[in-house]
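Hi,

Here's the structure I said I'd pass along. Have a look at it first, and my notes follow underneath.

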Amino acid sequence: QVQLVESGGGLVQAGDSLRLSCVASGRTFSTYAMGWFRQAPGKEREFVAGIIRGGGSQLYADSAKGRFTISRDNAKNTVYLQMNSLKPEDTAVYYCAADASFRQIVEVHQPDYWGQGTQVTVSS
């Protein structure tokens with residue numbers, strides 16, 4: 001069982017940056033692939049970025065490439081999403097996710113564990 005708690009969301013202006021954090025409970029954080037998803041009002045939840053257990057490989061949605069960076073610190077049980085050059089269309093609730101399978105996160109988009117979400121609002 002993994003519990004995930006996100007933080008770092010807020011209201012920013014277009015062009016600003018934010019860093020989201022997600023802290024996982026338990027001692028087995030390093031055995032999970034991690035990911036970030038988001039859900040905008042009236043839209044389905046969508047994949048944003050994923051990172052393998054050791055952190056050496058990442059995968060991004062086209063909308064995140066070049067602007068967002070996912071990273072992890074296994075010593076701190078934490079995964080991050082650095083978001084730069086934010087746009088109004090990035091406005092959404094951002095969710096942290098965990099799964100033993102990297103493919104389950106980045107291809108199937110159905111990880112076993114979800115956080116409660118953190119709101120990101122980008123004004124124009």
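To start with the inside: what percentage of the 124 residues in the protein is buried? The answer is 45%. Do keep in mind that this is a predicted model, so every value here is computed from the prediction.

On the fold, I get eleven strands and one helix. Going along the sequence, the order is β-β-β-β-β-β-β-β-β-α-β-β, with the helix coming after nine strands and followed by two more. The radius of gyration is 13 Å, close to the 14 Å that the globule rule gives for 124 residues, so the protein is as compact as a globular protein of that length. If you want the overall dimensions, the C-alpha atoms fill a box of roughly 40 × 25 × 25 Å along the principal axes.

The contacts are worth a look too. Taking those with a separation of 6 or more, 58% are between residues 24 or more positions apart.

As for the outside, about 6,300 Å² is exposed, and carbon and sulfur atoms supply 45% of that area.

Then there's the largest pocket, with a volume of about 180 Å³. It is lined by 13 residues, and the closest to its centre are Arg 38, Ala 40, Lys 43, Glu 46 and Glu 89. By type, the lining has eight charged residues, three polar and two nonpolar. If you open the model in a viewer, those five central residues are a handy way to find the pocket.

Cheers

Methods: Residues numbered from 1 in each chain as written. Predicted model: local features only at pLDDT ≥ 70, side-chain atom pairs only at ≥ 80, totals over all residues. Heavy atoms only, no water. 1 Å grid on protein atoms, 1.4 Å probe; cavity = no way out; pocket = protein on both sides within 12 Å on 5 of 7 lines; lining within 4 Å. Points joined across faces, edges and corners; volume = space filled by probe spheres on them. Nonpolar A, V, L, I, M, F, W, Y, C, P; charged D, E, K, R; others polar. Helix = DSSP H or I, 4+ residues; strand = E, 2+ residues; numbered from the N terminus. Rg over C-alpha atoms; globule rule 2.2 N^0.38 Å. Buried < 20%, exposed > 50% of the residue type's maximum accessible area, 1.4 Å probe, protein only. Contact = heavy atoms within 4.5 Å. Areas by Shrake-Rupley, 256 points an atom, 1.4 Å probe, with all protein chains shown as cover.
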